[in-house]
Amino acid sequence: MNISTIEIDRIIEMCWEDRTPFEAIEYQFSLKEKDVIKIMRDNLKTSSFKLWRKRVSGRKTKHMMIKFSDRFKSTHKK
């Protein structure tokens with residue numbers, strides 16, 4: 001994996017967002033869920049990683065199927 005620091009920061013930000021599914025991260029960065037988890041594990045403190053894993057485990061919004069779209073847009077942005 002050859003990912004820039006800026007991309008890692010954006011991936012981490014997307015992971016913490018409740019409504020951003022792993023499929024959106026895969027679409028934008030070509031990373032599978034297991035790769036995203038590794039990035040989170042490698043770049044967060046252990047306690048933060050455990051908190052994040054607890055938060056996203058089983059969460060339906062993190063595992064939605066991608067709707068046919070070219071772009072992912074937050075509903076909060078205009």
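I will go through the helices of this protein, then its nonpolar core, and then one pair of packed helices.

Please keep in mind that this is a predicted model, in which local features need pLDDT of at least 70 and side-chain atom pairs count only at pLDDT 80 or more, while totals for chains, interfaces and linings use all residues. Residues are numbered from 1 along each chain as its sequence is written, and side-chain values use heavy atoms, with hydrogens and water left out.

The protein has 4 helices and 0 strands, where helices (H or I, at least four residues) and strands (E, at least two) are DSSP runs numbered from the N terminus. Of the 78 residues, 29% are buried, meaning under 20% relative accessible area with a 1.4 Å probe, protein chains only.

Turning to the interior, the largest nonpolar core (buried Ala, Val, Leu, Ile, Met, Phe, Trp, Tyr and Cys residues joined through side-chain atoms within 4.5 Å) has 17 residues, and those with the most contacts inside it include Ile11, Val36 and Trp52. Two or more residues come from each of H1 (5-16), H2 (22-29), H3 (33-43) and H4 (46-56), and H1 gives the largest share, 5 residues.

Now to the helix pair: the axes of H1 and H3, which are lines fitted to C-alpha atoms over the stretch in contact, with angles from 0 to 180 degrees between N-to-C directions, come within 10 Å and cross at roughly 105°. H1 and H3 are therefore roughly perpendicular, a term that covers 65 to 115 degrees. Their contact (heavy atoms within 4.5 Å) involves Ile8, Ile11, Ile12, Cys15 and Trp16 of H1 and Val36, Ile39, Met40 and Asn43 of H3.

Methods. Buried < 20%, exposed > 50% of the residue type's maximum accessible area, 1.4 Å probe, protein only. Parallel < 35°, antiparallel > 145°, perpendicular 65-115°, else oblique.
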